[in-house]
Amino acid sequence: MNGHNRLVRRNHTYYLRARIPNSLVYLTHKTQFWYSLKTNNYYEALEKVRKESYKVDIAINLLRSLDMKIKNKQIIFASEDIDKIVINKLKLVEETFENYFDEIENRKFDYQDMLIFNRDTDEANIEQHELKCVELAVNEYFNDTLNDERTHKSLKKQIEKIQKEKIPVIEDKQNPSEDIRKIKTALTGVEKYILDKIHCIEQNIELDRSINPRVKRCLDIIQAEQNEKARRPTVSTLWSKVFDEFALEKFNNRTGENTIRQNQQCLETIFEIIGKKYVESITYKDCQKVVRSVYNIPKKWKERYKGQKLSDLLSKKNDDAISLSSVKKYLRIFKEFMIFCKDNRYIPDSFQGDIKITKRKEVISIEPFTKDELKKIFDPLTYPRVMDIKYSYRYWIPLMALYSGMRLNEICQLYLDDIKVSKGVWYFDISDERKDQHIKNSQSKRLVPIHSKLLELGIIEYANKVREVKVNNKHQDRLFYQLNYSVKNHYIQAISQWFGRYLKKIGIDSRSKVFHSFRHTVKPYLRDAGISKEYQNLLCGWIGDDEGERTYGGNVSIKKLYSELSKLKYPFLNKNIDKIAAKNKIK
């Protein structure tokens, strides 16, 4: 037990995870709060998660208060909602006064259309007519709010829900709620203000009559917005200048120089799409243009299409467009940059919310290597030599994957003391005991016997030689000490990149053929060798279908596992492997 139901441990780091109630998901667009506590110390994490949980509870309560505005198919109008309805109407009123001041002054303006409650009605029940006018004003506010690109997405969702579920503004017109009565009083105050101001303009006198307090407060809000807008200088800031600040902040947060350079390259392409240089000039339409166009960016377009404009390349369909993962990277970086611009007051609050990052996953089916492809990979003429200690991992790692089915990182992260022997059987101990070791799931923690072919090739002798290697006068403790660790890719980057180049060099150029294809290759050979599914799962760390298999499979002896793994054979490769061994003087 972690001691707190919101404390979760992943890869030696503790996280907070708190579920958001299903009824509130439409406001948040996510199902849970999930973020790192940035510690691997249990007691420190426990203290942090308790403090953070308090903040999460406040956030959930805030969401509940938003959600309570629609209760039992009835709209609940808070005081701030009524203010927004009044402000929406007053802005239209003030705009009309500004545009038609001369006509009003000369009594040539028909102001009846400005009024909220048109008294020229044949309806017998004036009160019911006024309630219809209130309903019309509220729906007008809803529509204007939806069409305003500055509206927060949670409010838009709320209004969309009201309209979709056809929730009436006034549930009972015979007995309207207290909220509706307050809205009616406020709108009556707006109408009185209209009539009084028209009279003052016509008589050329100051407006000194009493004004409804809510209307006065809302007029003050509108005036404050206008004053702020008037004070705001017209500035044009180059996006590249803002990027310098953006890059400095990332650098201070320990982001690598290579990542920052990639960010800049992505943004250069994004602003090429927009066709603007200044961040203040970016609009909602620009963001939508980026979201639509980014899928059609050609790979390495600057190198391959020198002298051509990106806009011309985007106008036609590109069969060599960037991958979906690259699309996500472009949009993520653009959104991150826009948030930085917003936080530093270069743009309004709204635009970063208009950059929608696709949630679809690019499905690339990883396929096993064919017999002919395996022969190409393990061709004695092209296969790397083991003699160069700096690159000896290139020799061993593909062979280890072929004869074990282990994942690439499971092989790369092996320490010398993870190579063990029990009752005469050598095996690899796959675990996440060290900080730099990571496994995919609990089933991945396992013992993998070392195949007789790897023993024959000299894997134990190689490990013993590594024990003798000194770097900076220090003995090495990892089997493939030449590989460097990174938080993102762990130990796999160098071997993964080299293997991709190697496949292309020998004529295997398909996105479905990668190093992970070895795991897909091993599975059918295990099956065809007569190895049961239970032992396949135990050897390769796959999750079994049967609960008993998942729970009790670990009790199988290492000798039995070795016996089963020894059935894995590639007779069509024997000659190639023997030649590789002879060439490298392993035997």
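**Nonpolar cores, a helix pair and two buried polar residues**

In this predicted model, the largest nonpolar core comprises 71 residues, and those with the most contacts inside it are Ile377, Phe378, Ile397, Met400, Phe480 and Phe518; a nonpolar core is here a set of buried Ala, Val, Leu, Ile, Met, Phe, Trp, Tyr and Cys residues joined through side-chain atoms within 4.5 Å, and buried denotes a relative accessible area under 20%, with exposed over 50% and partly exposed in between (1.4 Å probe, protein chains only). Helix H16 (residues 392-402) gives the most to this core, with eight residues, helices (H or I, at least four residues) and strands (E, at least two) being DSSP runs numbered from the N terminus. Apart from this core lies another, of 41 residues, among them Leu115, Leu131, Cys133 and Ile198. Ile377, neighbours within four places in sequence left aside, is in contact (heavy atoms within 4.5 Å) with Phe369, Tyr383, Phe499, Tyr502, Leu503, Ile506, Ile508 and Phe518. Residues are numbered from 1 along each chain as its sequence is written. Local features need pLDDT of at least 70 and side-chain atom pairs count only at pLDDT 80 or more, whereas totals for chains, interfaces and linings use all residues, and side-chain values use heavy atoms, with hydrogens and water left out.

The axes of helix H5 (residues 126-147) and helix H7 (residues 178-203) come within 10 Å and cross at roughly 85°, where axes are lines fitted to C-alpha atoms, for helices over the stretch in contact, and angles run from 0 to 180 degrees between N-to-C directions. H5 is therefore roughly perpendicular to H7, a description applied to angles of 65 to 115 degrees, with those under 35 counted as roughly parallel, those over 145 as roughly antiparallel and the rest as oblique. On the H5 side, Glu127, Glu130, Leu131, Val134, Ala137 and Val138 meet Ile180, Arg181, Ile183, Lys184 and Leu187 of H7.

Gln437, placed in the loop between strand S7 (425-430) and strand S8 (446-449), counts as buried because its relative accessibility is 2%. A polar atom of the Gln437 side chain lies 3.2 Å from the backbone oxygen of Gln413, and residues up to four places away in sequence not being counted, Gln437 touches His12, Gln413, Tyr415, Asp418, Ser431 and Asp432.

Ser53, found in helix H2 (residues 42-67), is likewise buried, with a relative accessible area of 6%. A polar atom of the Ser53 side chain lies 2.8 Å from the backbone oxygen of Val49, while His4, Arg6 and Leu16 are touched by Ser53 when residues up to four places away in sequence are not counted.

Methods: Polar contact = N/O pair within 3.5 Å; in protein donor to acceptor, adjacent residues only side chain to side chain.
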